[in-house]
Amino acid sequence: MAQYSEFSLKEYLLPAKSDSRSEKLRKIVFLCSVAVFILSLVQLAMFLRSQGVEKGYQQELLSYAPHLEDKPAQVTQPVQTQQGEPAPAAVREIQPWAQKLLDKNKDVVGWISIPTHKDSKGNAYIDTAVVKGKTNDEYLYLNIDKKYSMSGSLFADSRCELTKDKQSDNITVYGHHMGYIGTGLTHIHEYKSGVDFLKKNPVINFNTIYDGTNQRYAIIGCFVTNAFESADNGKLFKYWEARDFKGDKKGFNEWYENVRKYSWYSSSVKCTENDDYLTLSTCSDECWGIRWVVVAKKLTASDDIGKITESYAAKSDKDIYFPAVWVNKIGNKKVYYGWDY
């Protein structure tokens with residue numbers, strides 16, 4: 001019967017002086033593979049834990065959500081004084097529902113939700129507070145409690161005005177695209193899926209801390225655009241700089257024409273420089289330097305959301321403007337790879 005020497009795990013795994021060069025290399029490669037595997041497991045565990053923490057935090061914030069009655073905004077023309085100068089806007093008061101949020105963080109400026117866009121448990125995917133920092137970098141990786149968060153916060157452009165004395169005509173709100181986690185503004189990518197999704201989810205609620213009734217916005221445009229001139233041969237639609245339209249009809253018309261030019265959908269929504277708007281902006285991963293943008297108009301007493309929804313239609317690819325970086329990689333066409341892409 002053959003004789004076998006006692007097996008030594010240590011000798012099998014660890015390089016020894018007596019080993020040949022090839023045997024030493026085998027052991028080193030094996031140990032490196034084990035180390036990479038262990039590191040991957042640790043990273044996966046950390047990701048899954050962070051995913052749970054991020055989603056759990058968003059659920060906790062829902063206890064602060066306002067429950068307001070709908071009341072469409074009235075279209076008002078600027079009031080003139082006897083000297084012909086615009087009269088100062090009425091001073092607004094902080095609403096009771098917002099006070100607890102302000103106790104957490106004085107940078108909170110409002111609350112946003114897409115009420116019909118819900119998960120299997122009936123919770124809206126986007127239903128959270130909006131902050132405004134001193135810069136647009138401040139809340140990239142901070143939650144409402146100013147603690148580190150991969151998802152960061154939804155934040156209004158730092159140059160927008162959201163005070164008791166004045167509110168910009170167009171508020172741009174930014175948020176991360178968080179892929180599989182689904183937090184931030186990730187789920188607005190579902191508006192890429194087609195006009196049927198838009199018809200089912202046409203309204204965004206956005207209430208500033210001064211709003212005592214629910215302010216509803218009807219979507220008027222969804223599009224991809226470039227964030228850098230180099231991604232479109234020097235062309236750049238600076239949608240984030242469009243903040244104040246009243247008294248600037250030319251500026252409004254230029255902005256609105258671009259929204260319609262880039263948008264994947266058309267509608268019958270009537271828009272003027274005297275209306276208020278909301279713009280949601282997040283990263284889009286199909287190409288380098290691309291953003292996915294959803295623009296909505298605050299509903300007024302004269303707007304019929306039913307008729308607006310019926311009017312939504314998908315535009316032909318040839319009638320949509322796509323940035324050069326998109327065309328070069330994907331072609332002159334719409335694509336949707338899933339909200340978690």
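Trainee: Is Cys222 buried or exposed?

Mentor: This is a predicted model, and burial is judged from relative accessible area, with buried meaning under 20%. Cys222 counts as buried because its relative accessibility is 1%.

Trainee: What is the relative accessible area of Cys283?

Mentor: For Cys283 the value is 35%. A residue between the 20% and 50% cut-offs is called partly exposed, so Cys283 belongs to that class.

Trainee: How many disulfides does the count give?

Mentor: The criterion is a pair of cysteine sulfur atoms within 2.5 Å. By this rule the count is zero.

Trainee: Let us turn to the strands. In which senses may strands of a sheet pair?

Mentor: In general, strands of a sheet are joined by backbone hydrogen bonds, and the pairing is either parallel or antiparallel. Strand E1, residues 108-113, offers a case of the antiparallel sense, pairing with strand E2, residues 127-131, over five bridges. E1 also runs antiparallel to strand E5, residues 203-208, to which four bridges join it.

Trainee: Which residues are the bridge partners of Ser113 in E2 and in E5?

Mentor: In E2 the partner is Asp127, and in E5 the partner is Asn205. Ser113 therefore lets you follow E1 to a strand on each of these two pairings, by way of Asp127 and Asn205.Trainee: How many residues of E1 are buried?

Mentor: Strand E1 is mostly covered, with six of its six residues buried.

Trainee: In which sense do E2 and E3 pair?

Mentor: Strand E2 and strand E3, residues 154-156, pair in the parallel sense, and two bridges join them. Within this pairing, Val131 is set opposite Phe155 of E3.

Trainee: What do the paired strands form, and in what order do they run?

Mentor: Following the pairings from strand to strand shows whether a sheet closes. Here eight strands form a closed barrel with mixed pairing, in the order E1-E2-E3-E4-E8-E9-E6-E5. From one strand to the next, the twist averages 30 degrees.

Trainee: How many cavities of 30 Å³ or more does a search of the whole structure find?

Mentor: The search finds one cavity of that volume or more. The largest cavity has a volume of about 50 Å³.

Trainee: Which residues line the largest cavity?

Mentor: A lining may be read by residue and then by class. Among the lining residues are His177, His189, Lys192, Asp285 and Glu286. The lining also includes Ser284, Gly338, Tyr336, Tyr337 and Tyr341. By class, three are nonpolar, four are polar and three are charged.

Key:
Residues numbered from 1 in each chain as written. Predicted model: local features only at pLDDT ≥ 70, side-chain atom pairs only at ≥ 80, totals over all residues. Heavy atoms only, no water. Buried < 20%, exposed > 50% of the residue type's maximum accessible area, 1.4 Å probe, protein only. Pairing = 2+ DSSP bridges. 1 Å grid on protein atoms, 1.4 Å probe; cavity = no way out; pocket = protein on both sides within 12 Å on 5 of 7 lines; lining within 4 Å. Points joined across faces, edges and corners; volume = space filled by probe spheres on them. Nonpolar A, V, L, I, M, F, W, Y, C, P; charged D, E, K, R; others polar. Axes fitted to C-alpha atoms, helices over the stretch in contact; angles between N-to-C directions.
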